[in-house]
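Okay, thanks for having me. I'd like to walk through some aromatic rings and a helix today, so let me put the structure up.

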Amino acid sequence: RRVAEEIIAKEFLKAFNKNPVKTLELYDQVGLSKLLLPEVKTMQGVKQPSNFHSEGDVYEHTILALKKLKAANINLKLATLFHDIGKPSTMTLPKDKNDRIHFNEHDEKGAEIAGKIIKRLKLTSMPPDFGLHVNKEIVLWLVGKHMILVTAKPEEMRLTTFEKYFFREDGAGDDLLRLSWADISATIPPSGNPDFSIYNS
């Protein structure tokens, strides 16, 4: 007998919201990751440039980012889980010894993949009064824009651009900053000290 997707979504969201990292660890141990979140499973073993990511592969980076989250709602937690989910499918290997691994446009690809996961698992099926209602639009926006501080260069941003991304009426701008902070905190160079220069600018 098959369990309804809405029940799976409810139980996943309850567990993931309570303890994201523990939930992923348990899902992995019992084989649920491969069944329900194969895209997350695919991040395991995907290497990253060692000069930026001494913390490990894409999956290990994601786990560390989840651990670094502060005051996170369910949308932000899901966006953090999915923020680099586009890396495996956009990975290009170094062409020579002077090159490095690249993940071009992994943010946009990640938003596309995250949308499919949310739809497949019916993560938006929980009503607002449940307390864990997932706003698909916000989650995908956060995933798709999580590299904005790198790609847009804050020192060159217009005030209208800052307003567009970080002063949204729905509060997603604050979550974008929290996601950026968690992402940077989990990006450990060989020195061991994350580089917050762009974030602090």
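So, Phe-12: buried, at a relative accessible area of 4%. This is a predicted model, by the way. Phe-16 is buried too, with 0% relative accessibility. Both of them sit in helix α1, residues 5–18, and they're 4 residues apart, about one turn of the helix.

Now, how many aromatic pairs turn up if you search the whole structure? You get 3. For Phe-12 and Phe-16, the ring centres are 5.3 Å apart and the planes are at 20 degrees, so we call that pair stacked. Tyr-27 comes in as well: ring pairs link Phe-12, Phe-16 and Tyr-27 into a cluster.

Next up, Trp-181 and Phe-196. That aromatic pair is tilted, 6.0 Å centre to centre with 35 degrees between the planes. It links distant parts of the chain, 15 residues apart: Trp-181 is in helix α12, while Phe-196 is in the loop between α12 and α13. And is Trp-181 buried or partly exposed? At 27% relative accessibility, it's partly exposed, since the buried class stops under 20%.

Let's stay with α12 for a second. It runs over residues 172–185, and its 14 residues reach 20 Å from first C-alpha to last, close to the expected 20 Å. The helix is mostly covered, with 10 of the 14 residues buried, among them Leu-176, Leu-179 and Ile-184. What do those buried residues pack against? Quite a list, including α5, α6 and α9.

One last ring: Arg-168 lies over the face of Trp-141, 4.2 Å from the ring centre. Okay, over to you.

Definitions and conventions
Residues numbered from 1 in each chain as written. Predicted model: local features only at pLDDT ≥ 70, side-chain atom pairs only at ≥ 80, totals over all residues. Heavy atoms only, no water. Helix = DSSP H or I, 4+ residues; strand = E, 2+ residues; numbered from the N terminus. Expected span 1.5 Å × (residues − 1). Buried < 20%, exposed > 50% of the residue type's maximum accessible area, 1.4 Å probe, protein only. Contact = heavy atoms within 4.5 Å. Phe/Tyr/Trp six-rings, centres within 6.5 Å; stacked < 30°, edge-to-face > 60°. Lys NZ or Arg CZ within 6 Å of the ring centre and 35° of its normal.
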